[in-house]
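Got your viewer open and a hand on the mouse? Load the model below and let's take a walk through it, one selection at a time.

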Amino acid sequence: MSFPALVEPADELTIDEVRRYSRHLIIPDVGMTGQKRLKNAKVLVIGAGGLGSPALLYLAAAGVHTLGIAEFDEVDESNLQRQIIHGQSDIGKSKAQSAKESIAETNPYVDVIVHETRLDNDNVMEIFRGYDLIVDGTDNFATRYMVNDAAYFLGIPYVWGSIYRFDGQASVFAPTMADDAPCYRCLYPEPPPPGMVPSCAEGGVLGVLCASIGSIQVNEAIKLLTGIGEPLIGKLMIYDALEMEYRKLRVRKDPNCALCGENPTVTGLIDYETFCGAISDDAAEAAAGSTISVTQLEHMLKERSEGTRDFVLVDVREPNEFEINRIPGSVLIPKGDFLNGSALEKLPSDKQIVMHCKSGVRSAETLAIVKGAGYADAVHVGGGVVAWVNQIDPSQPSY
Ligand SMILES: [Zn+2]
């Protein structure tokens with residue numbers, strides 16, 4: 001099923017633009033009219049990270065005239081493995097500004113609007129308003145649900161993508177474009193339980209996967225803007241880079257969807273952090289009053305080396321993370337061993353247990369298990385190894 005173009009054509013292309021976009025112009029389906037539509041298009045890309053990097057570069061190169069960038073973060077060395085819009089000299093710089101500079105080099109005719117702020121309920125509607133289309137390169141569930149809801153309320157279609165390790169997904173959510181077009185909530189009515197789905201920062205991502213999924217997103221964006229082909233509306237594209245397999249699944253509109261269903265319960269923006277939960281209730285309860293700082297841990301380790309204190313420091317991350325960096329004197333017992341119960345056999349019953357992970361989410365979950373097994377004085381390290389490297393031992397690499 002085809003859909004009408006989202007954007008009316010601009011009046012004309014300049015001679016320079018005709019030269020620049022000639023490879024588009026000679027494709028009959030795009031042609032002069034399609035390119036003029038791109039010239040009139042306003043697209044907002046959320047995040048100038050893994051997906052946003054290729055998306056912004058290709059949208060700019062394609063001649064989308066107005067590109068918004070919603071991004072508040074700064075370029076970190078660990079971004080450069082995949083976020084190709086940034087370079088070595090951009091480390092420490094604002095990602096939005098760095099992306100803007102790269103775009104100017106790719107296509108000086110593009111008008112870049114920078115939204116250098118964290119999207120939240122107070123600004124999301126104002127930022128989205130006026131764009132024809134949104135490309136979502138968000139990496140967390142709270143923002144994804146917020147983007148979905150805000151786009152629905154404003155009637156703006158959006159192209160969604162997600163990546164993890166070797167797996168990617170993409171779809172177009174445009175419930176206002178067709179009666180049977182689903183939204184993100186029709187596909188995923190509820191976020192996964194906190195701690196169940198690791199982020200790319202926790203679990204890793206193959207750098208080139210960003211290009212695979214980001215380019216699908218741009219492909220869909222161009223089709224929607226110009227009204228050509230069959231967009232991924234009501235379809236979910238699933239990509240497995242290891243098997244080199246693409247699958248396309250049908251996604252139906254859910255008549256019971258809380259947002260776009262027949263009797264919606266979400267009629268305005270909600271508290272997305274609470275909806276998605278940073279950590280589970282059990283973990284939050286276990287961590288309350290049982291969280292130590294990395295400075296406290298450093299002090300405890302010093303006392304342990306002097307023989308005035310004894311405890312076991314357990315790193316609950318995965319072995320490959322342990323190889324990148326570690327807190328000296330820690331032992332590795334991955335979180336999975338706590339979930340299947342085998343970790344408890346390895347723990348001494350007469351010593352205090354101190355646990356940490358990368359950021360403190362996984363260790364809060366394992367803390368709940370260990371406390372439940374009777375280790376009343378167990379604690380975990382807030383901020384995990386990230387805080388350790390930042391505050392105590394900057395000589396170790398971060399990831
Ligand atoms: Zn829905």
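This tour visits the sheets, then the salt bridges, then a patch on the surface.

**Before you click**

What you have here is a predicted model: local features need pLDDT of at least 70, side-chain atom pairs count only at pLDDT 80 or more, and totals for chains, interfaces and linings use all residues. Residues are numbered from 1 along each chain as its sequence is written, and side-chain values use heavy atoms, with hydrogens and water left out.

**Stop 1: the eight-stranded sheet**

Switch to cartoon view. Helices (H or I, at least four residues) and strands (E, at least two) are DSSP runs, numbered from the N terminus. Look for an open sheet of eight strands, in the order S3-S2-S1-S4-S5-S6-S7-S8, with mixed pairing. Two strands count as paired if DSSP finds at least two bridges between them. Select 111–115 and 245–250 to light up the edge strands, S3 and S8, each of which pairs on one side only. On average, neighbouring strands in this sheet are turned by 15° against each other, direction ignored. (Axes are lines fitted to C-alpha atoms, for helices over the stretch in contact, and angles run from 0 to 180 degrees between N-to-C directions.)

Now add residues 66–70, strand S2: five bridges join S2 to S3, and the two run parallel. Show Ile69 and you'll find Val114 of S3 opposite.

Next, select helix H7, residues 141–154. Helix H7 lies across strands S1 (42–46), S4 (133–136), S5 (158–164) and S6 (167–173), running at about 170° to S5. Contact here means heavy atoms within 4.5 Å.

**Stop 2: the five-stranded sheet**

Move along to the other open sheet on our route, with five strands in the order S9-S13-S12-S10-S11 and parallel pairing. Its edge strands are S9 (291–292) and S11 (330–332), each pairing on one side only. Pick strand S10, residues 311–315: S10 and S11 pair in the parallel sense over three bridges. Asp315 stands opposite Leu332 in S11. Then bring up helix H13 (294–305), which lies across S9, S10, S12 (352–356) and S13 (379–381), at about 130° to S10.

**Stop 3: salt bridges**

Turn on side chains. A salt bridge is a side-chain nitrogen of Lys or Arg within 4 Å of a carboxyl oxygen of Asp or Glu, and by this rule the count comes to 15.

Which residue does Glu17 form a salt bridge with? Select Lys39: the closest N and O atoms are 2.8 Å apart. Glu17 sits in helix H1 (15–20) and Lys39 in helix H3 (31–40), so the pair ties together parts that are 22 residues apart in sequence.

Now try Arg185 and Asp149, with closest N and O atoms 2.6 Å apart. This pair links distant parts of the chain, Arg185 being in helix H8 (184–187) and Asp149 in H7, 36 residues apart. Arg185 counts as buried because its relative accessibility is 4%, and Asp149 is buried too, at 0%. (Buried means under 20% relative accessible area, exposed over 50%, partly exposed in between, with a 1.4 Å probe and protein chains only.)

For a group, select Asp90, Lys93 and Glu101, which are linked in a network of salt bridges.

**Stop 4: a surface patch**

Finally, show the surface and colour Phe166, Leu206, Val208 and Leu242. Together they form a nonpolar patch with about 360 Å² of accessible area. Patches are made of residues with over 30% relative accessible area and no salt bridge, where like charges are joined within 9 Å and nonpolar side chains (Val, Leu, Ile, Met, Phe, Trp, Tyr) within 5 Å. Accessible areas come from the Shrake-Rupley method with a 1.4 Å probe; for residues, only the protein chains shown count as cover. Zoom in on Val208 in helix H10 (207–226): Val208 is exposed, with a relative accessible area of 53%.
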